[in-house]
Amino acid sequence: THTMREKHMGTEEKHDYQVDLVGNLITSIYEALEEDQSDMRRTTRLAQIRAAIGKSLPPYFTLGVVAEALGLHRDTVCLHNKNHEENIIKWEGYEETMLISSTIISSQMEKETRLTNIDILTKRISRLTKARNILKKNK
């Protein structure tokens, strides 16, 4: 899913925008979970966070963008998605981490959508105001 802000961006600009947006979302999740985002060790807790993020973001972004922002290979993100149900059952703490991750992402994406809608309405109002002024001028 792309935001309306991306509609008029070039491919590279759109990609960079998405990676930055995903990076900000990831930072928010690590802060909420009080973990160090730069710690790439394979501890259970850190692996759970990366897996939860890797599962929470694909409804909004491509796996490639998610993988790049996480600093992981795309196949690793695919594996997180494939193993999600099993992780919920067998990985103590994963379900809570997943809930926190998906809640932060969905609320931030709703905010992004609202900001985009405000941008669209502001531009529309500006165009309509200009049109009204032209019509008033030509009375």
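Q: Is Trp91 buried, partly exposed or exposed in this predicted model?
A: In this predicted model, the relative accessible area of Trp91 comes to 24%. Buried would need under 20% and exposed over 50%. That puts Trp91 in between, so the word for Trp91 is partly exposed.

Q: And Tyr94, buried or exposed?
A: For Tyr94 the relative accessible area is 0%. The cut-off for buried is under 20%, so Tyr94 counts as buried.

Q: How are the rings of Trp91 and Tyr94 arranged?
A: The structure holds one aromatic pair. Its rings belong to Trp91 and Tyr94, with centres 5.6 Å apart and planes at 20 degrees. Planes under 30 degrees apart count as stacked, so this pair is stacked.

Q: How do helix 3 and helix 4 sit relative to each other?
A: Helix 3 covers residues 63-70 and helix 4 residues 74-82, and their axes come within 8 Å. They cross at roughly 110 degrees, and 65 to 115 is the range for perpendicular. So helix 3 and helix 4 are roughly perpendicular.

Q: What classes of residue make the contact of helix 3 with helix 4?
A: Helix 3 brings Leu63, Gly64, Val66, Ala67 and Leu70, while helix 4 brings Arg74, Val77, Cys78 and Asn81. Sorted by class, that gives six nonpolar, two polar and one charged.

Q: Which helices do the buried residues of helix 3 pack against?
A: Buried in helix 3 are Leu63, Val65, Val66, Ala67 and Leu70. Their packing partners are helix 1 (11-32), helix 2 (44-56) and helix 4.

Q: Which residue just after helix 3 has a positive phi?
A: Look just past the end of helix 3 for a phi of about 75 degrees. The residue with that positive phi is Gly71.

Q: How does helix 2 lie against helix 4, and what classes of residue meet there?
A: The two axes come within 8 Å and cross at roughly 85 degrees, which makes helix 2 roughly perpendicular to helix 4. Arg50, Ala51, Gly54 and Lys55 of helix 2 meet Val77, His80 and Asn81 of helix 4. By class, these are two nonpolar, three polar and two charged.

Q: Which helix supplies the largest share of the largest nonpolar core?
A: This core has 24 residues, and Ile26, Ile53, Leu57 and Phe61 have the most contacts inside it. Helix 1, helix 2, helix 3 and helix 6 (94-137) each give at least two residues. The largest share is eight residues, from helix 1.

Q: Which residues does Ile26 contact, beyond its neighbours within four places in sequence?
A: Ile26 is one of the residues with the most contacts inside the largest nonpolar core. Leaving those sequence neighbours aside, its contacts are Gln37, Ile53, Leu57, Ala69 and Leu70.

Methods
Residues numbered from 1 in each chain as written. Predicted model: local features only at pLDDT ≥ 70, side-chain atom pairs only at ≥ 80, totals over all residues. Heavy atoms only, no water. Axes fitted to C-alpha atoms, helices over the stretch in contact; angles between N-to-C directions. Parallel < 35°, antiparallel > 145°, perpendicular 65-115°, else oblique. Contact = heavy atoms within 4.5 Å. Nonpolar A, V, L, I, M, F, W, Y, C, P; charged D, E, K, R; others polar. Buried < 20%, exposed > 50% of the residue type's maximum accessible area, 1.4 Å probe, protein only. Core = buried A, V, L, I, M, F, W, Y, C linked by side-chain atoms within 4.5 Å. Phe/Tyr/Trp six-rings, centres within 6.5 Å; stacked < 30°, edge-to-face > 60°.
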